[in-house]
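I opened the notebook to go through one structure piece by piece. The entries below follow the order in which I looked things up.

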Amino acid sequence: MRLILILGMALMFLPLSAQEVGLQLYSLRNQFKKDVPSTLKIINQWGITKIEGGGTYGLPLKEFQGLLKQNKLEVVSIGAAFEALEKNPEKVVADAQAFGAKYVMCAWVPHDDNKWDLEETQHATTVFNKAGKLLKEHGLVLAYHAHGYEFRPYKDGTLFDYMAENATDFTFELDVFWAHHGGADPLALMKKYPKKITLMHLKDMKKGVQGNNTGHEDVETNVVLGTGQVNIAGVVAEAKKLGIEYMFIEDESSRVVEQVPESLSFLKMIGH
């Protein structure tokens, strides 16, 4: 009886929301081009069950969903183009519902590389708030994946600060690689906007790489988590504190199949 009481008390102090490490399917884009079933099987063998995706790689949706079920994979977040969110958010809702996803993420706002200013930022913020409100009405969460160009200076902070402070109906997916590459401190952002960041991309940057605010970089600068210049251990610890539900590994390098297991080992080593 005493043991049951102790266990019951312990359960009271467990986090209310689960936190899992998933995979952004873009990591395996080249593998999917060759063999969809085998690629999904690789993810299953890694022990990953939650994924961020949205496409079916040329397969009928029902067939693709069958393969997901076979490999015990659940799509919890899908990607949506900015144009779709701006012009046809109803279709985005339908796509998310078709996959049974809870989150919708937008990874890029089309723009001239030499022009990302307050006007662009304000327009994007308006589009995200409008679409996010509709998604919210359908039980979905919209998260904008900042890509680096948003960290250009604005007033006493950055254009990202403007977006975060005016985000009433959308949240953010923090890609720690791109935040760091754009000149920001991912951990500081998490502490500054604890309620605005709902998803994360875990990605590390090769040591010695100099960032910029373009949102572009050689994919081969993606390295095993914990071996680069991003404070992965720090952001993972903070994500636990904030109760961020999903952290997706994204590895865009040609070494992804070799590197993801090593990244998972690192996360296990630091106690996730």
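Entry 1, a helix pair. I began with the contact in which Pro 89, Glu 90, Val 92 and Val 93 of helix 6 meet Ala 131, Leu 134 and Leu 135 of helix 7. I sorted the residues of this contact by type and got 6 nonpolar, no polar and 1 charged. I note here that the model is a predicted one.

Entry 2, the geometry of that pair. Two packed helices are described by the angle between their axes and the distance between the axes. For helix 6 (residues 89-99) and helix 7, I read an angle of about 40° and axes 10 Å apart. Helix 6 is therefore oblique to helix 7. I also looked up the handedness, and helix 6 passes helix 7 in a right-handed crossing.

Entry 3, the other contacts of helix 6. I found helix 6 lying across strand 3 (74-79) and strand 4 (103-106). Against strand 3, helix 6 runs at about 165°.

Entry 4, the barrel. How many strands make up the closed barrel? I read 8 strands, in the order 1-2-3-4-5-8-9-12, with parallel pairing. Neighbouring strands of this sheet are turned against each other by 30° on average, with direction ignored.

Entry 5, a walk along part of the barrel. I started at strand 5 (residues 141-145), which pairs with strand 8 (residues 171-175) in the parallel sense over 3 bridges. His 145 has Glu 173 in strand 8 as its bridge partner. From strand 8 I moved to strand 9, where 4 bridges join the two and the strands run parallel. Glu 173 appears again here, standing opposite Leu 199 in strand 9. From strand 9 I went on to strand 12, and these strands also run parallel, joined by 4 bridges. In strand 12, Ile 249 is the bridge partner of Leu 202.

Entry 6, the cover on strand 9. I checked how much of strand 9 is buried, and the count is 6 of its 6 residues.

Entry 7, helix 11. Which residues of helix 11 (residues 232-242) are buried? I listed Ile 232, Gly 234, Val 235, Val 236, Glu 238 and Ala 239. Next I looked up what covers them, and the cover includes helix 9 (176-181), helix 10 (186-192) and helix 12 (256-269). Strand 9 (197-202), strand 10 (204-205) and strand 12 (246-249) are also among the covering elements. Just after helix 11, Gly 243 takes a positive phi of about 75°.

Entry 8, Asn 129. I placed this residue in helix 7 (residues 118-137). Is Asn 129 buried or exposed? Asn 129 counts as buried because its relative accessibility is 14%, and the cut-off for buried is under 20%. Leaving out residues up to four places away in sequence, I found Asn 129 touching Asn 166, Ala 167, Thr 168, Asp 169 and Phe 170.

Entry 9, Thr 158. I placed Thr 158 in strand 7 (residues 157-158). Thr 158 has a relative accessible area of 17%, so I entered Thr 158 as buried. Without its neighbours within four places in sequence, Thr 158 is in contact with Glu 150, Phe 151, Arg 152 and Pro 153. I also looked up the separation of Thr 158 and Ala 184: 26 residues in sequence, and 9.3 Å in space from C-alpha to C-alpha.

Key. Residues numbered from 1 in each chain as written. Predicted model: local features only at pLDDT ≥ 70, side-chain atom pairs only at ≥ 80, totals over all residues. Heavy atoms only, no water. Buried < 20%, exposed > 50% of the residue type's maximum accessible area, 1.4 Å probe, protein only. Contact = heavy atoms within 4.5 Å. Axes fitted to C-alpha atoms, helices over the stretch in contact; angles between N-to-C directions. Parallel < 35°, antiparallel > 145°, perpendicular 65-115°, else oblique. Left-handed = near helix turned anticlockwise from the far one by under 90°. Nonpolar A, V, L, I, M, F, W, Y, C, P; charged D, E, K, R; others polar. Pairing = 2+ DSSP bridges.
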